[in-house]
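Student: Could you take me on a close look at one helix and how it is packed into the rest of the fold?

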Amino acid sequence: MHSDLWVEEKFKDFLGLRLKVEKVLFSGKSEFQTVDVVETKGHGKMLLNDGLIMVTERDEFAYHDMITHVPMFVHPNPKNILIIGGGDGGTAREVLRHSGVEKCTMVEIDGMVVDACKEFIPQTSCALDDPKLNLIIGDGVNFIQQTNEKFDVIIVDSTDPIGPAQPLFGEAFYQGVFNCLTEDGIVVSQGESSWYALDIQQSLLKVLNAVFPQTFLYSFSNLTYPGGLWSFTFASKKYHPITDFDMQRVEQSGLDFDYYNSDLHCATFALPSFAKKGLAGLIGNG
């Protein structure tokens, strides 16, 4: 193999991120997308879907901590959890660290992603065989429409709103999510970049505002998503993510985190001024 192998993710038509590849571990094409796992020089193993970086071992904890523990510590007693997407397993891993969780259902559309991560990225996929996890390979949109279950927390761990993830950004989907949540349920979703996708954040928050009484955006920093600053949306039937957050629960949980902590929980909802202006009227209502 050529010793000078690099992978480059091109974003829009003006930005790229290049990483040195030591070895290609897996390369396949499912009915939905191309799936690749490579060993990089500085970021460990990396998963790419359609050439876009999903996960690297070096910084995956930032994303998975923040998508999971923010809603899990706002909800006072989350027992039944639903993950839409999340094929690498990192979100399920973090959900299942909460001792009060009785069941976690994960609906991932692409079985190839799950299989590749189980074989090559055990760091994220280590909980996919947990007895509390109900792993379904299927369409999350259909699942939401058809299930009779009610969930305390729903986590939409999706890719960008292109290809198989596109329906996960629409109002019909979130009306279904609302109906699947318990009366005090919370939904958190992958929420794009304020730097490069403020328009997508605006449209997603408009959708959430049409359905939920309270909507927010919170941000975190990572190494491998365009711009480094990335966001999640938080929508709730009842709980405010800061005023209804009990910091002591984090300490009492006994859990150790690499990114999340109780101080950061509150700070993460403070947005830079350009994002606040761009999302004025769409966040913090209720």
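Tutor: Sure. Contact here means heavy atoms within 4.5 Å, and that is the sense in which I'll talk about covering. Bear in mind that this is a predicted model.

Let's take α7, which runs over residues 198-211. At 1.5 Å a residue its 14 residues should span 20 Å, and the end C-alpha atoms are 20 Å apart, so the two agree. Along this helix, Q201, L204, L205, V207, L208 and V211 are buried. They cover an arc of only 155° around the axis, so they sit on the same side of α7. What lies over them? The cover for the buried residues of α7 includes α6 (171-180), β10, β11 and β12.

Two of those buried leucines lead on to a core: L204 and L205 belong to a separate, second core of 27 residues, which also includes I154 and L217.

Now for the other core. The largest nonpolar core has 37 residues, and V95, Y218, F232, F234 and Y260 touch the most other members. At least two residues each come from α1 (60-74), β6, α2, β7 (103-108), β9 (151-157), β10 (181-190), β11 (214-221) and β12 (229-236). With eight residues, α1 gives the most to this core. As for V95, leaving out residues up to four places away in sequence, V95 touches T68, M72, I81, I83, V101, C104 and I155.

Key
Residues are numbered from 1 along each chain as its sequence is written. This is a predicted model: local features need pLDDT of at least 70, side-chain atom pairs count only at pLDDT 80 or more; totals for chains, interfaces and linings use all residues. Side-chain values use heavy atoms; hydrogens and water are left out. A nonpolar core is a set of buried Ala, Val, Leu, Ile, Met, Phe, Trp, Tyr and Cys residues joined through side-chain atoms within 4.5 Å. Buried means under 20% relative accessible area, exposed over 50%, partly exposed in between (1.4 Å probe, protein chains only). Helices (H or I, at least four residues) and strands (E, at least two) are DSSP runs, numbered from the N terminus. The expected span of a helix is 1.5 Å times one less than its number of residues. The arc is that of the directions from the helix axis to the C-beta atoms.
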